[in-house]
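Q: Could you take a close look at one part of this structure and walk me through what surrounds it? I'd like to see how that part fits into the rest.

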Amino acid sequence: MHATNDLCFAGLVFAVDVNRGRLRILKETAKLHQVDGVVTTVHADLCVLTDGEALKSNKVLLDAPCSGLGVLSKRADLRWNRKLEDMEELKKLQDELLDAAAKLVKPGGVLVYSTCSIDPEENEERVAAFLLRHAEFRIDPVDRFVPPDFVTDSGFYFSNPVKHSLDGSFAARLVRAS
């Protein structure tokens with residue numbers, strides 16, 4: 001008898017994206033890590049996908065398109081290519097995607113909203129606006145999942161490039177009422 005590194009998976013991952021290239025990279029990465037049997041990619045616009053009767057999930061991660069202000073050290077071009085109108089459109093898209101992702105969450109389930117931005121307009125303000133539109137959700141503080149240095153006063157995850165010597169990022173854990 002020999003030991004194996006097989007893992008037992010208790011669920012499936014459905015990855016939805018409008019960008020075929022990102023889905024291709026995800027498929028390749030899943031295969032490399034031998035989890036391709038668990039990950040199903042779906043080429044679709046999330047906002048259109050959730051218009052009908054949506055598949056409900058216990059956990060939904062929305063890794064939202066953002067300004068990338070948390071990764072400027074790697075993408076210096078971003079600081080020169082952003083306009084105010086672009087930011088307004090981006091915030092509108094983030095709100096639309098949050099609303100669409102919320103339709104996928106089962107009662108008692110979790111929605112994680114994540115960006116690689118340090119801009120409060122894309123982070124805390126998007127979550128606050130979302131909670132005004134969706135009273136069935138509440139913030140579930142992340143303090144039991146991450147070190148205290150990464151937890152904001154509101155219970156969100158936040159990494160600051162200067163303070164933490166990491167890329168800047170944000171995540172909010174939101175729970176739907178049962």
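**A strand and its partners**

A: Arg138 stands opposite Val175 in β7, so let's make β7 the part we zoom in on (strands, E, at least two residues, and helices, H or I, at least four, are DSSP runs numbered from the N terminus). Before going on, keep in mind that this is a predicted model: local features need pLDDT of at least 70 and side-chain atom pairs pLDDT 80 or more, while totals for chains, interfaces and linings use all residues. Residues are numbered from 1 along each chain as its sequence is written, and side-chain values use heavy atoms, leaving out hydrogens and water.

Strand β7 covers residues 169–176, and 8 of its 8 residues are buried (buried means under 20% relative accessible area, exposed over 50%, partly exposed in between, with a 1.4 Å probe and protein chains only). Look at where the residues point: Ser169, Ala171, Arg173 and Val175 go one way, while Phe170, Ala172, Leu174 and Arg176 go the other way. That fits a general pattern, since side chains in a regular strand alternate between the two faces of the sheet. Here, the residues pointing either way from β7 are buried.

Now for the neighbours. Strand β4 is joined to β7 by 6 bridges, and the two run antiparallel (strands pair if DSSP finds at least two bridges between them). Within that pairing, Tyr113 has Ala172 of β7 as its bridge partner. Strand β5 (residues 137–139) also runs antiparallel to β7, with 3 bridges; this is where Arg138 faces Val175. Then there's β6 (residues 157–159), again antiparallel to β7 and joined by 3 bridges. Tyr157 pairs with Ala171 of β7.

Follow β4 (105–115) onward and you reach the loop that leads to α4 (124–133), where Cys116 is found. UniProt, in an unreviewed entry, lists Cys116 under "active site" (positions use the numbering here, feature names are shortened, and annotations may be inferred rather than shown by experiment). Cys116 has a relative accessible area of 29%, so it counts as partly exposed.

On α4 itself, Arg126, Val127 and Phe130 are buried. Those three span an arc of only 95° around the axis, which puts them on the same side of α4 (the arc is that of the directions from the helix axis to the C-beta atoms). Arg126 is also touched by Asp95, which contacts Arg133 as well, leaving aside residues up to four places away in sequence (a contact means heavy atoms within 4.5 Å). Asp95 sits in helix α3 (residues 84–102) and counts as buried because its relative accessibility is 16%.

Elsewhere, the unreviewed UniProt entry places "binding site" at Asp17, Asp45 and Asp63. Although spread over 47 residues of sequence, these three cluster in space, with a largest C-alpha distance of 13.7 Å. Asp45 is in the loop between β2 (39–43) and α2 (46–49), and its relative accessible area of 34% makes it partly exposed. Asp63 belongs to strand β3 (residues 57–63) and is exposed, at 57%.

Finally, zoom out. The chain has 5 helices and 7 strands, in the order β-α-β-α-β-α-β-α-β-β-α-β along the sequence. Of its 178 residues, 37% count as buried. Among contacts with a separation of 6 or more, 71% link residues 24 or more positions apart.
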